[in-house]
Amino acid sequence: MNNNKRNPSVVHVDNIDIPVTEYQNQRVITTELMAQAYGTELNNIQANFIRNKGRFEEGTHYFKLEGKRLTDLKSVSPQINKRTRNLILWTERGAARHAKMLDTDQAWDVFDKLESDYFEPPQQPKPARRAALPTPTDEFTPEVLAAIDARAMAMSLRQYEHNKNQLREAIKRWGYGLKGQQLVDLVKNIDQKDSRLFLIHRDELWKLTSSVASMTIMHRLALDNVHELEARTGTEWYGRPDNSH
């Protein structure tokens, strides 16, 4: 989805118009809009936050505004209801954490769109100019570190989904006949010593199978060469000592 061309202060994500709200130089989203976008009830978002408050860090995952801070935001953000007395604004990392807790296809799909179209809007091209060579102190600015942190979080969430699906498929296949605590123990012991199940990353498996395939080919070529020498010389196992004498 792309930004609404008629109103650059509104981003259209999954049939929902989201007014652009910024706080402390980053885009944020209200609880109501996030719940609407994720296709869930407002109470679900609030309940997940209360139950898992220890997993949320103020200033990193959300901002809680009231008093003067809220008044200042209202003065530059007309979309905020003037009667609101306190407000929670979610950062990109906070929205990602809620998508993980909801764990629905819609929540994950919408978060991907929020990530690309809302939290990280396309940059407008700037006039070309001769840029100064970066110095080591210029490389990791707070903005760069924040971008790295957000991208790492998104990547870890996707890896989490991948690992979870792999575990489900493994249990379906190898947990046949097990029930209750037996299945729980099977899951807990995965990748442990004497376990029935091990998860291998596809890159690691590819290297292993490639090595085995290469060894098989080399072994086959060596045997072909031996057989060719045997056929040409009439001597079996060419080059080995004759034990008949």
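**Exercise 1. Burial and overall make-up**

Determine what share of the residues in the chain is buried, and set out the general features of the chain.

*Solution.* In this predicted model, buried residues account for 28% of the 245 residues in the chain. The next step is the secondary structure: the chain holds 9 helices and 6 strands. Turning to the surface, the accessible area of the chain is about 18200 Å², and carbon and sulfur atoms contribute 52% of it. Finally, consider contacts between residues at least 6 apart in sequence: 55% of these join residues at least 24 apart.

**Exercise 2. Confidence**

Establish how far the predicted coordinates may be read, starting from the mean pLDDT of the chain.

*Solution.* The mean pLDDT of the chain is 79, with 78% of its residues at 70 or more. Next, look for a weak stretch: over residues 1-7 the pLDDT stays under 50. The model nevertheless has 12 contacts beyond four places in sequence for residues 1-7. Where pLDDT is low, predicted coordinates should not be read in detail.

**Exercise 3. The packing of H4 against H5**

Describe the geometry of helix H4 and helix H5 and name the residues through which H4 and H5 meet.

*Solution.* Two packed helices are described by the angle and the distance between their axes. For H4 and H5 (residues 105-119), the angle is about 170 degrees and the axes are 9 Å apart. Since angles over 145 degrees count as roughly antiparallel, H4 is therefore roughly antiparallel to H5. On the H4 side, the contact involves Glu92, Ala95, Ala96, Ala99, Lys100 and Leu102. These meet Ala107, Trp108, Phe111, Glu115 and Phe119 of H5. By class, the residues of this contact comprise 8 nonpolar, no polar and 3 charged.

**Exercise 4. The packing of H4 against H2**

Which relative orientation do H2 and H4 adopt, and which residues of H2 and H4 are in contact?

*Solution.* Helix H2 covers residues 42-51 and helix H4 residues 92-102. Their axes come within 11 Å and cross at roughly 100 degrees. An angle from 65 to 115 degrees counts as roughly perpendicular, so H2 and H4 are roughly perpendicular to each other. Ile45, Asn48 and Phe49 supply the H2 side, while His98, Met101 and Leu102 supply the H4 side. The contact residues divide into 4 nonpolar, 2 polar and no charged.

**Exercise 5. Cover and boundary of H4**

Identify the buried residues of H4 and the elements that cover them.

*Solution.* The buried residues of H4 are Glu92, Gly94, Ala95, Ala96, His98, Ala99 and Leu102. Their cover includes helix H1 (31-38), H2, strand E6 (86-90), H5 and helix H7 (142-174). Just after H4, Asp103 adopts a positive phi of about 55 degrees.

**Exercise 6. Two residue environments**

Classify Asn48 as buried or exposed, then examine the surroundings of Gln26.

*Solution.* Asn48 lies in helix H2. Its relative accessible area is 10%, so Asn48 is buried. Leaving aside residues up to four places away in sequence, Asn48 touches Phe56, His98, Met101 and Leu102.

Gln26 belongs to strand E4 (residues 26-30). With a relative accessible area of 29%, Gln26 is partly exposed. Again leaving aside residues up to four places away in sequence, Gln26 touches Thr21, Phe63 and Thr91. As a last step, compare sequence and space: Gln26 and Glu143 are 117 residues apart in sequence, with 9.7 Å between their C-alpha atoms.

Notes:
Residues are numbered from 1 along each chain as its sequence is written. This is a predicted model: local features need pLDDT of at least 70, side-chain atom pairs count only at pLDDT 80 or more; totals for chains, interfaces and linings use all residues. Side-chain values use heavy atoms; hydrogens and water are left out. Axes are lines fitted to C-alpha atoms, for helices over the stretch in contact, and angles run from 0 to 180 degrees between N-to-C directions. Helices (H or I, at least four residues) and strands (E, at least two) are DSSP runs, numbered from the N terminus. Angles under 35 degrees count as roughly parallel, over 145 as roughly antiparallel, 65 to 115 as roughly perpendicular and the rest as oblique. Contact means heavy atoms within 4.5 Å. Ala, Val, Leu, Ile, Met, Phe, Trp, Tyr, Cys and Pro count as nonpolar, Asp, Glu, Lys and Arg as charged, and the others, Gly among them, as polar. pLDDT is the predictor's confidence in each residue, from 0 to 100. Buried means under 20% relative accessible area, exposed over 50%, partly exposed in between (1.4 Å probe, protein chains only). Accessible areas come from the Shrake-Rupley method with a 1.4 Å probe; for residues, only the protein chains shown count as cover.
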